[in-house]
Amino acid sequence: MLLNDKVAIVTGGSRGIGRAIAVACAREGADVVINYWGENDASYGRRSAIDEVLAQIEWHGRRAIAVEGNVALPQTGIDLVRHAVDAFGKVDVLASNAGICPFHAFLDMPPSVLERTVGVNLNGAFYVTQAVARQMKEQGTGGAIVATSSISALVGGGMQTHYTPTKAGVHSLMQSCAIALGPYGIRCNSVMPGTIATDLNAQDLADGEKRAYFERRIPLGRLGAPEDVADCVVFLASDMARYVTGAALLVDGGLFVNLQ
Ligand SMILES: NC(=O)C1=CN([C@@H]2O[C@H](COP(=O)(O)OP(=O)(O)OC[C@H]3O[C@@H](n4cnc5c(N)ncnc54)[C@H](O)[C@@H]3O)[C@@H](O)[C@H]2O)C=CC1
Ligand SMILES: C[C@H](O)[C@@H]1OC(=O)[C@H](O)[C@@H]1O
């Protein structure tokens, strides 16, 4: 197993890519702290999603706890570390994955949409990474941080002018943290998913023509599944990638290189 007896924190771990990361970490032997936000309201119907992911992790014979918290707030990272240490004694792996993408046109974008997106995607990654890195330094046993950036760090999107800079920022954050944290044995990398079918883009891809267009553009012929990304995160978090830091791994079925 690639993460035997490690402890992992996964932000945005209740659904989509984060949920697949949490389950893959457990499959590979880790105990997991799952962070999520805004889904505890029964009327939203999401509490059961968290219960499901907890059950899946336990099915793999590992322990898990769920901690609600908005990653945009500096205190959330601190709380996640405290919960992890209280429950499991340490933190070895961070999957900084929580993110939002409220599609919006550029010219009439309200500042609140920009600020929320930057707050969750970029500031959130910074705060959680900083809190976890402080704990890893104190433990003195190194660690691995893997952030979910995006193919959108490398290409644009007309309805994503607020979003793509956050994904470039997350990639850049991992590059700089690789330098800052290398001396403590803490590796920092990012994955860059292409188009992965999740709640994030369900509405966008409900347009059959748009979905078919993407499928045609992807050399491997299909949209990505959350598990396609999760297995790459596990690899980067594991000792298989012990000499990899400051790197980014595109997980896009070849979409990026397919210019024409
Ligand atoms: N779905 C896709 O095609 C792609 C997604 N990504 C990135 O992957 C990450 C996960 O996206 P998906 O799984 O698709 O999304 P999703 O919408 O299925 O899941 C989002 C998760 O983030 C959590 N979350 C949202 N706001 C939060 C906040 N303020 N604090 C803490 N948790 C919060 C939710 O509770 C949920 O667990 C995001 O960072 C996204 O930018 C990157 C490239 C492609
Ligand atoms: C939500 C989008 O479909 C998705 O998010 C990303 O980061 C990808 O680049 C896709 O645009």
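**Two ligands and a helix pair**

Colleague: Which residue has an N or O atom in its side chain 2.8 Å from an oxygen atom of ligand 1?
Modeller: This is a predicted model. A polar contact is a pair of N or O atoms within 3.5 Å. At 2.8 Å, an oxygen atom of ligand 1 and a side-chain N or O atom make such a pair, and the residue is Lys167.

Colleague: How many residues surround ligand 1?
Modeller: The closest include Ser14, Glu39 and Asn97. Arg15 has a polar side-chain atom 3.3 Å from an oxygen atom of ligand 1, and for Asn201 the distance is 3.1 Å. The number of residues surrounding ligand 1 is 31.

Colleague: What is the distance from a polar side-chain atom of Ser152 to an oxygen atom of ligand 2?
Modeller: Ser152 is one of the residues around ligand 2, as are Gln160 and Tyr163. A polar side-chain atom of Gln160 lies 3.1 Å from an oxygen atom of ligand 2, and one of Tyr163 lies 2.6 Å from such an atom. For Ser152 the distance is 2.5 Å.

Colleague: Why are helix 4 and helix 5 roughly parallel or roughly antiparallel?
Modeller: Helix 4 covers residues 111–139 and helix 5 residues 164–181, and they pack with axes 9 Å apart at an angle of about 15°. Angles under 35 degrees count as roughly parallel. The two helices are therefore roughly parallel.

Colleague: How many residues of the contact of helix 4 with helix 5 are charged?
Modeller: Helix 4 contributes Leu122 and Phe126 among others, and helix 5 contributes residues including Lys167 and Leu173. Ten residues of the contact are nonpolar and five polar, and the number charged is one.

Definitions and conventions: Residues numbered from 1 in each chain as written. Chains lettered and ligands numbered in written order. Predicted model: local features only at pLDDT ≥ 70, side-chain atom pairs only at ≥ 80, totals over all residues. Heavy atoms only, no water. Axes fitted to C-alpha atoms, helices over the stretch in contact; angles between N-to-C directions. Helix = DSSP H or I, 4+ residues; strand = E, 2+ residues; numbered from the N terminus. Parallel < 35°, antiparallel > 145°, perpendicular 65-115°, else oblique. Contact = heavy atoms within 4.5 Å. Nonpolar A, V, L, I, M, F, W, Y, C, P; charged D, E, K, R; others polar. Near = heavy atom within 4 Å. Polar contact = N/O pair within 3.5 Å; in protein donor to acceptor, adjacent residues only side chain to side chain.
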